[in-house]
Amino acid sequence: MASSSLLRERSKALPKLLSRLSLLRPMGGGPRTFPGGLNKWQYKRMHEKMARQKERRLLQQEKQLYQARLRSEIRAKLAGKASSDAADSSSSSIGGYGPMSSKDHIKALADRFMKPGAEDLWNEDDGPIRSAPRKRPTDPAPPIDLRKLATDRRNLMEDRVGESRSYLASFDQRRQYSVAAGRGLRPGSKPRWRQNSSSEEDSDLESGCNLEGDTAKMYRETKLGVKKDSRFPRFSIRSEEELDEGGGKIARKKMMSGAALGNYDVKAERRVPRPVEERSNFAKEIEEIRSELRNRDLYRNDARHQRAQEETLLTKRRFDEFSISPLTIKALADARYVQMTVVQEAALPVCLEGKDALVKAKTGTGKSVAFLLPAIEAVLQTMRNTLNQRVLPINVLILCPTRELAIQIAAETNVLLKYHDGIGVQTLIGGTRFKLDQKRLDSNPCQIIVATPGRLLDHIENKSGFSARLMGLKLLILDEADHLLDLGFRKDIEKIVDSVPRQRQSLLFSATIPKEVRRISQLVLKRDHVFVDTVGLAGVDTPIKVLQSCLVVPHELHFHLVYHLLKEHIMQEPDYKAIVFCTTAMVTAFMYVLLRDLKMNVREMHSRKPQLYRSRISEEFRESKNIILVTSDVSARGMNYPDVTLVIQVGIPSDREQYIHRLGRTGREGKDGKGFLLLAPWEEYFMDDVNDLPIEKSQPPELDSDMKQKVEDSIEKIDPSIKEAAYHAWLGYYNSIHEIGRDKTMLADLANRFCHSIGIDKPPALFRKTALKMGLKGIAGIRIRK
Ligand SMILES: Nc1ncnc2c1ncn2[C@@H]1O[C@H](COP(=O)(O)OP(=O)(O)OP(=O)(O)O)[C@@H](O)[C@H]1O
C-alpha cells in the first residue's frame, strides 16, 4: 500500500519536474515557454530578480570594504597610541594578525586585486568583465606603484572636482584609499549604500553598465551631464590605460571591488534594499540610455548616408539612353521625367533584357516607372511579332495588394501610354461589379491588366475566355511582392501563377524584401533571376530625410497625443498633409469620428468603406493640402500621395515591413517628412524589430489639461456602437499578433484598458463563436454574449 501511494505521489510530481526541465513544453499554440517551462513574464521576473540579487551582492561587498577600512584606521590609531613605532613597522604585521595601518591594508588589497588573475576572485558575479577580452600578460605584471597611481588619480580628480580639493588635501589617506579600493566615500557624503540621491543612481549606472570606450564617455557626458571621474567606478567603463613605472602605457582594466576582503575582517550586515520602484527606474534608465546611444549612432551613420544619397536619388542617366520607344520617351518628358532615379537606372537594363528580377528600393523612389517601362516594351514587342490576332491576348499582368494601388498604377500606365494608340490598360479590383468588369473587358480590349489577386482569380475561374487571353502573357509583375507572397495572399498567387504560361518574364518589386521572401520568390521567379538591391546591406530601409520618433505612452493617452501632435504640426507646417494609421478599420472609424468632432479637416479610409467612397477620398487626398487622412493599412503600401508632411502610426504595426511602408507615405522623391510611432509601454518590444532604423525615442510632450478635457468630451459623445466595434476589432488585431495573442489573460487585460481609453467602462460581450475562434472563451475579463 505504502509503496503504491509513494508511486502515485511520484507520478504526480513527475510532470512538474519534466516541465521544469522543459521536456513538456507545449507544442505550438498556447503560451510560448522559455527555458524551465517559464512563460515570458515569469522568465522576465526571474531575470529581474537575478539582477537585483547581483546588485545586492555587489553593494554588500562594497560595504564590507568600507567597514574594513574604518576598522583598519581605528586599529592603526590604537596601535599608534600603544607604540609610536608601531605605525612604522606595521607593514610587518600583515603576515601576523596584529593591528594594521590603513596604508598597509590598502597595499594588501591592491596586491590581491592587481595580481594577474586576481579578477577571478570577484568576476564570478560580475559578468560584464568577462565580456571584455581579458589579456593575461605572459610575464608577471610589474608591481604597482600605488602611491604614483594615487597621485595621478589625485591630479585628475583635483582638475575635475575643484570644489572637493580642500577636502581631499586634508584627508590624504582617505583619498588614497578611495583610489585603490575604487569605492571610497565621496567627500562629505554618507556611506554609499545608505544614500538615496540620484547621484547614487548615477554611480550605479556607471558601475553596472557594460559600456565601454567612447560609448561610455558619451553616456556620461550626455546622460549624466557632468564628467564623473572623481571616483573610480567599480567596473571600469572606459578602456583603461595606466602609466607604468617607466612612464609607458600598460593596458589594464582596473578591477576593484570589496569582494577580496574575503578572509580579512569582514562583518556581514544586511544592506537596506532600495525601494523596488527606484530599482526598476534604474533598469529603465539604463535601457533608455542604451537605446538613445544606439539611435544616436545609427542616426549619425544615417546622416552620412543621407548626404551621399541625396545627390543620387536622380541619376545622371536619361531615359532616352535606353532602348525605350520614342513615344514612351515623349510621354515621360511630358510628365517631366527626364533623368532616371537610382532604381530605374539599376533595374531597367535587367528588365528590358527580359530577365527575371527581384528589385528592392526605398519607398517613393520610382519603382512603378521602373516596371511600367518594361511592361510597355513587352506589349510593343508582342505586337510587332504577332499581327492580326482574333482574340487580343493579355501581355502584361500587374498584381497589387490593394484596390487603390491598382487604380493608381493603371493611371500611371495611362500617362506613359499617352502617345501609344492601340495599347490599353484595365483594372480588375474587388468592390466593383463583376459584370461591369466583363463589359469593360469586352468593349475596351487591353493588353495590360492591373489587378488585385482575389478579383483576378474570380475572372480566371468564372469568365470564359479570360484564361485563354492570359495564355498570351509575356510579363508578370508583382508590386509590393513581399506582401503578395505573404500567407494572406500566397494561395491566390500560386493559383494565378498556375494559370499563366511558364514561358514568361517575372518581376518582383518592393521596398522591403525579408529573407523568407527571397526564398519563396522562386514560386514566381526563375532560378537564375537577378536580385537588384538599391538599398544594400549597409543602407537604411527608410527615406533619408524623414525624421522618425517613437513615443511611448499609456493607451489611455494615445488619442490625446494624436490630437496634440496634429495640432502642433498644423501650427508648424502651413501646407500640412498628414496620415494617421490605425491598427484596424474600426479603430480607424473611431479615430476619424473623434478628430472630426475635434474640428479637424479629416477624411477616413478603410476596408469597411464602399469602393466608390474609397476612390473618391483617395483622389481628394491626393489633390488636396491641409488635410488629414485617417486610415487603416489599405493605404500603407504603394500609395503615392504627393507632399505628405507627417505620418503618425498609432499602436504596433503588424511587422517591421509595415512600419517602413506606412512611414514611406512621407518623404517621397527625397523630400522631407516626419514620422511618429505611438506605442503603449507593453508594445515597446516592437522597437527591437526596427532597431536598425533611425528612430529616436522621444519624451512624450506635456498635454495640457484643457486639451485633455476637450478630447475626453469628444470621446464621450461618440456613438457606443462605434466604440463597441473598435473594441472587438482591437481585440482581434492584437490576438493575431503572436507576441501578445499567445497570453490570453494578458490580452484580455490590455483590451479592457483599451476599453477605458475609448470611454467604455465594461468590455462589450463577444459572440460565443468568435470567442471560441479567438481562444478567448473562459478567459477572465472577456464577456460572452448570452
Ligand atoms: N525619373 C523620375 N523623375 C522624377 N520623378 C519620378 C521619376 N520616377 C518616378 N518619379 C516620381 O516619384 C514618385 C514616387 O514614385 P513611385 O510611386 O513609383 O514610388 P515607389 O518606389 O513605387 O514607392 P512605394 O514603395 O511607396 O510604392 C512619383 O511621384 C513619381 O511620379
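This is a short chat about the ligand site in a predicted model.

Trainee: How many residues surround the ligand, and which are the closest?

Mentor: There are 19 around the ligand, and the closest are Tyr337, Gln344, Gly364, Lys367 and Ser368.

Trainee: How do those in the shell divide into nonpolar, polar and charged?

Mentor: Three are nonpolar, 10 are polar and six are charged.

Trainee: What lies 2.8 Å from a nitrogen atom of the ligand?

Mentor: A polar side-chain atom of Gln344.

Trainee: And the oxygen side, what about Arg665?

Mentor: The side chain of Arg665 has an N or O atom 2.9 Å from an oxygen atom of the ligand. For Glu669, a side-chain N or O atom is 3.0 Å from a ligand oxygen atom.

Trainee: How much of the ligand's area does the protein bury?

Mentor: The protein buries 91% of the 640 Å² that the ligand exposes when taken alone.

Trainee: Which pocket does the ligand sit in?

Mentor: The second largest pocket.

Trainee: Switching to secondary structure, which elements each supply at least two residues of the shell?

Mentor: Strand β4, residues 339-341, and helix α13, residues 367-385. Lys367, one of the closest residues, is where α13 starts.

Trainee: Last one, on domains: where does the ligand lie, and why?

Mentor: The ligand lies between domain 2 (314-533) and domain 3 (546-702), because both give residues to the shell around it.

Methods: Residues numbered from 1 in each chain as written. Predicted model: local features only at pLDDT ≥ 70, side-chain atom pairs only at ≥ 80, totals over all residues. Heavy atoms only, no water. Near = heavy atom within 4 Å. Polar contact = N/O pair within 3.5 Å; in protein donor to acceptor, adjacent residues only side chain to side chain. Areas by Shrake-Rupley, 256 points an atom, 1.4 Å probe, with all protein chains shown as cover. 1 Å grid on protein atoms, 1.4 Å probe; cavity = no way out; pocket = protein on both sides within 12 Å on 5 of 7 lines; lining within 4 Å. Sits in = over half its atoms within 2 Å of the grid points. Helix = DSSP H or I, 4+ residues; strand = E, 2+ residues; numbered from the N terminus. Nonpolar A, V, L, I, M, F, W, Y, C, P; charged D, E, K, R; others polar. Domains from an automatic or database assignment.
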